[in-house]
Amino acid sequence: MNATTTRGALLAALACVLVGGSFTANSLLGHYPYAGGQFLRYGLAFLLLVPLAGPGAATRLRTLGAARWLRLALLAAVGMVGFNLAVLAAERTAEPAVPGVFVGCAPVVVAVVVPLLAGRRPQRAVLYGALTVAVGAFAVQGWGRTDGAGIAFSVGALVGEVGFAVLAVPVLRPLGPRLLSTVVCGIAAAESAVAGVLADGTGWLPRPDAVEAGALLWQAVVVTVVGFVCWYMGMQRIGAERATLFSGLIPVAAAGTAPLVGTGSYGAAQAVGSALVFAGVAAGSGALTFGRGRRPAAGARGAPERALEKL
């Protein structure tokens, strides 16, 4: 790997580890209204991100056409609000491992969908690495009790995870990671408020207790502000296909942090699965290949993203 791809890989890895820790924080919010919690999380993140959006933010936003604003709204609705809602709904009739297994398949879907949308064949190394990551994620989480509704909502969570990467590709270059994160957090907060009023009426935004406030603060500041910016910075450097490989670290981080709050354990299966995830990420991201002296062809980085921007 060269310096750019190495930084991109490290940023994507950090973002996914932080998101994995958010699953543990979610376990502390079981009694807080979903939409109200999402509103607080994304609303606070938006306020924190505004000063970081960078110079010329208003000018860049004015250059966006209606199609790209619609894409941003879909990104927030599908990849953020919808994703979290799908996970929560799935866990009503399924054990948490079930949506986790489906989300762990996101690298495989992205490894196929992104090149097809760009008019080319999937890269073997990325696809094989993604399959290894998916198997490792399954080993980390196992399989649990579920029903048809649990599976359906778990598929919705998979769609949300894929959408969070794919829908962002055409707007990442004109906005940049910080402004993109700012805008989608603001949109997601507004969408959450509407969903909260419709679903819970006047009780959609109760005052959180100390534990809930701590969990929401962690999700807003660390997972959203730091995690989203790092994720899109990483994706900008290594592309959506390779960046999504690192989502396999989400269940690994979740399994590693769950014992800290007494909601799970880390045993031999989790260790084996973690090793598979690490191997898949290393193989698919090019760490094993570039480390032997091969370098990516000039101009290759970002080619899929340029093709997708035309869609």
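Here is a walk through a predicted model, taking in a surface patch, the cysteines and a bent helix.

Let's start on the outside. Phe 138, Trp 143, Ile 151, Val 155 and Val 159 together make a nonpolar surface patch of about 430 Å². The biggest share comes from helix α8, residues 148–166, which puts in 3 residues. In an α-helix there are 3.6 residues a turn, so residues three or four places apart point the same way. Trp 143 joins the patch from elsewhere: look for this residue in the loop between α7 (124–141) and α8. With a relative accessible area of 44%, Trp 143 is partly exposed, and that is over the 30% that a patch residue needs.

Now for the cysteines. A disulfide is a covalent bond between the sulfur atoms of two cysteines. How many disulfides does the model have? The count is 0, going by a cut-off of 2.5 Å between sulfur atoms. As for where the cysteines sit, Cys 16 is buried because its relative accessibility is just 4%, under the 20% limit. Cys 230 is buried too, at 10% relative accessibility.

Finally, follow helix α9 along residues 169–200. It has 32 residues, and a straight helix would reach 46 Å at 1.5 Å a residue, yet the end C-alpha atoms of α9 are only 34 Å apart. Where does α9 kink? Go to Gly 176, where there is a kink of about 110 degrees, shortly before the proline Pro 177. Carry on past the end of the helix and you meet Gly 201, just after α9, with a positive phi of about 65 degrees.

Conventions: Residues numbered from 1 in each chain as written. Predicted model: local features only at pLDDT ≥ 70, side-chain atom pairs only at ≥ 80, totals over all residues. Heavy atoms only, no water. Patch = residues over 30% accessible without salt bridge, like charges linked within 9 Å, V, L, I, M, F, W, Y side chains within 5 Å. Areas by Shrake-Rupley, 256 points an atom, 1.4 Å probe, with all protein chains shown as cover. Salt bridge = Lys/Arg side-chain N within 4 Å of Asp/Glu carboxyl O. Helix = DSSP H or I, 4+ residues; strand = E, 2+ residues; numbered from the N terminus. Buried < 20%, exposed > 50% of the residue type's maximum accessible area, 1.4 Å probe, protein only. Expected span 1.5 Å × (residues − 1). Bend = angle between axes of the 7 residues up to and from the residue.
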